[in-house]
Amino acid sequence: MIRLGVPSKGRLMEQCFDWFAARGVRLSRAGSDREYAGRVEGAENVSLILLSAGEIPRELQAGRIHLGVTGTDLIREKLAGWRSHVEELAPMGFGHADLILAVPACWSDCETLDDFATIARDFRAEHGFRLRIATKYHRLVRAWLSEEEVADYQLVDSQGATEGTVANLTAEAIADITSSGETLRANHLKIIGSEPILRSQAMLLRSVAAGDEGEVRAFARQLGL
Amino acid sequence: MSKPAKQAIGQQILAAFRAAGAIEVAPDILLPAETLLDLYGEDIRARAYVTQDPIRGEVMLRPDFTVPVVQMHMANGAEPARYCYLGEIFRKQDHGETQPEHPRDNEYLQAGFELFARDSGADAEVFALFHSILAPLGLQATMGDMDLVMDAVRALPVSDARRAALLHHVWRPRRFARLLARFAAAPAPRNFAETSALWTGLRSPQEMQARIDRLQADALEAPLAPEWVARLERLFAIQAPAPEALRQLRAMTAEIPDIAEAVERLDRNLALLSDRGVDVGAIHFDASHGRHTMEYYDGMTFSFTAPGRADWPPVASGGRYDALAAVLGQAQGRAIPAVGGIIRPGLVHELGGLR
């Protein structure tokens, strides 16, 4: 039996159900809206497990599900050496979001990452501590800034309402996922740099640890992959 | 691989350090995180195990010995002083996209030696000590000198602001090269549009204005002559057996006279090493060696690597870190030149031990 893990609620779940339906496999919740078991029609030997999108990377790594749908941002942030644990089978064309670095919109001298690096250096000299970037994507942001050779900053953890940290004076900049940029604007922030840290979207992934590769690939073929 | 065998090699190294006059010290394993984070920044947070103590705040499993040894010396050491130590250090091995087949250990031994002295022979003493201990292993010794690099940058005919920016980024080669290219070009004028955005965050409008003033002054500065860029590039690219590198460096003093003092110091160091029986012709000198290490060393740097083991970290490494020692001694109002290094007994063991 192939175990398929799909986000358990909201728009992501609906778009996921639509994606499979367009490929002839009908997924649905079993019973009430509050139940986290699912039903699969149109495919043999596949069972549906509804999970929080944030848990899907870990379940794939552990091999408790054969297939899973989650954002590429979560895979890369949560799984060190992710290519050794999962195989990307198909980008699904929804759940688009960019991981970006944003600073106060009033910083009219900050347009590029080079500006940011200089401002970070000045800030540290002026305030005696490193410029703080609030984020929950610690590994991705750190790896990117290290690759870009930006120093003089520190990451501070923010698991929610990250855009508010600048006004609350607990951070000078933020790194977060955004799709429309509306929340950033409402909090007087602007994106810097021309390229985001990561372009993320929903992805169908195969677990390496779960095995049963033949069966999983047969199902992928049935989906037209 | 057996821990007792690695411990035994560590003890052997420690005995050699003691015979060289060092006092053994045993810094704590659990260290306050703040000092280390402030010195090394996010680089160390990515690599060290950080945890929270309800009373002591953020603490870290010892990611290196240098900081606690320097602090210990600054608190109560007399000079000159030689210290040695053997113990575990802890480093996360965060992989990139693919997990390596043979991941490095997260917990491994370091045996180290630190010398605090105003004596001009200190560099040669430390290098020769490591060289003699590691002699049975047939390692490749590489040496660099951050003094040369920094003196050459200080010699550039640029404003203080530009010089400070270049010195700050000397350890980040691509950012440094970009800055240098920018200073050598005619600046593109920038407009700082007034925004209607509400002021938010801790950085003040005065701080922004100070940077804009600096950028505007910088835009009026004459571009750095291209021959200076070429000189720096040539200096940084020098890689040769030490005596040949010394000859090339000496030739470069005609173009960058300000490096003459550092070149003479290197000459004296190599002579002292020869006196101590080191074959300096077998030392590979790489002018940029110290630029690829952590922002830490500011004079001689060295590493001993195992030939044919490109995926290994150096078996031993070290260098001079006067600025770090000065920063850590600030609270006590003390500054003392310092030079030291570490050997990894685990790698020595994998190479078959010291005899």
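In this predicted model, the end C-alpha atoms of residues 53-220 of chain A lie 21 Å apart, and the span is 31% helix and 28% strand. The stretch 53-220 of chain A is the one that UniProt, in an unreviewed entry, annotates as "domain: ATP phosphoribosyltransferase catalytic".

**Domains of chain A**

The domain assignment divides chain A into domain 1, made of 2-95 + 201-222, and domain 2, made of 97-199. Between the C-alpha centres of domain 1 and domain 2 of chain A the distance is 32 Å. The contact between them involves four residues of domain 1 of chain A and seven residues of domain 2 of chain A. On the side of domain 1 of chain A that touches domain 2 of chain A, three residues are charged and one is polar, with no nonpolar residue.

**The five-stranded sheet of chain A**

Chain A contains an open sheet of five strands, arranged in the order E4-E1-E5-E13-E6 with mixed pairing. Strand E4 (46-51) and strand E6 (86-91) of chain A are the edge strands; each has a single partner strand, so one side of each has no neighbour in the sheet. On average, neighbouring strands of this sheet are turned by 30 degrees against each other, direction ignored. In general, strands of a sheet pair through backbone hydrogen bonds, in either a parallel or an antiparallel sense. Strand E1 (residues 2-7) of chain A pairs with E4(A) in the parallel sense, over six bridges. Within this pairing, Ile2(A) is placed opposite Val46(A) of E4(A).

Two helices of chain A may be described in relation to the sheet. Helix H1 (residues 10-21) of chain A lies across E1, strand E5 (67-71) and strand E13 (202-207) of chain A, and runs at about 135 degrees to E1(A). Helix H7 (residues 213-222) of chain A also packs on the sheet, where it touches E1, E4, E5, E6 and E13 of chain A; the direction of H7(A) makes about 55 degrees with that of E1(A).

**Backbone geometry**

Most residues other than glycine have a negative phi, and most peptide bonds are trans. The table lists two residues of chain A with positive phi, together with their positions.

| Residue | Phi | Location | C-beta environment |
|---|---|---|---|
| Glu149(A) | near 55 degrees | loop between helix H5 (138-147) and strand E9 (153-157) of chain A | partly exposed, 16 other C-beta atoms within 10 Å |
| Asp212(A) | about 50 degrees | loop between E13 and H7 of chain A | partly exposed, 17 other C-beta atoms within 10 Å |

The loop that holds Asp212(A) thus links E13 and H7 of chain A, both of which take part in the sheet packing described above. In chain B, Glu79(B) and Pro80(B) are joined by a cis peptide bond, with omega at about -5 degrees. Pro80(B) belongs to the loop between helix H4 (66-76) and strand E5 (81-90) of chain B.

**Contact between chains A and B**

The contact takes 30 residues from chain A and 27 residues from chain B. On the side of chain B that touches chain A, the elements giving two or more residues are helix H3 (42-47), helix H8 (173-184) and helix H9 (205-220) of chain B. H9(B) gives the most to this side, with five residues. By class, the side of chain B that touches chain A has ten nonpolar, nine charged and eight polar residues.

**Annotated binding-site residues of chain B**

An unreviewed UniProt entry places the feature "binding site" at Asp64(B), Phe65(B), Thr66(B), Arg91(B), Gln110(B), Glu114(B), Arg291(B), Tyr296(B) and Tyr297(B). These positions are spread over 234 residues of sequence and are also spread in space, with up to 22.6 Å between C-alpha atoms.

Two of these annotated residues can be described further. Asp64(B) is situated in the loop between strand E4 (57-61) and H4 of chain B. Asp64(B) counts as buried because 22 C-beta neighbours lie inside 10 Å, the threshold being 20 or more. Tyr296(B) is situated in the loop between strand E9 (284-286) and strand E10 (300-305) of chain B. With 19 other C-beta atoms within 10 Å, Tyr296(B) is partly exposed. Leaving aside residues up to four places away in sequence, Tyr296(B) touches Tyr321(B) and Leu324(B).

Technical notes. Residues numbered from 1 in each chain as written. Chains lettered and ligands numbered in written order. Predicted model: local features only at pLDDT ≥ 70, side-chain atom pairs only at ≥ 80, totals over all residues. Pairing = 2+ DSSP bridges. Helix = DSSP H or I, 4+ residues; strand = E, 2+ residues; numbered from the N terminus. Axes fitted to C-alpha atoms, helices over the stretch in contact; angles between N-to-C directions. UniProt positions renumbered as here; feature names shortened; annotations may be inferred. Domains from an automatic or database assignment. Nonpolar A, V, L, I, M, F, W, Y, C, P; charged D, E, K, R; others polar. Buried ≥ 20, exposed ≤ 12 C-beta atoms within 10 Å, placed from the backbone.
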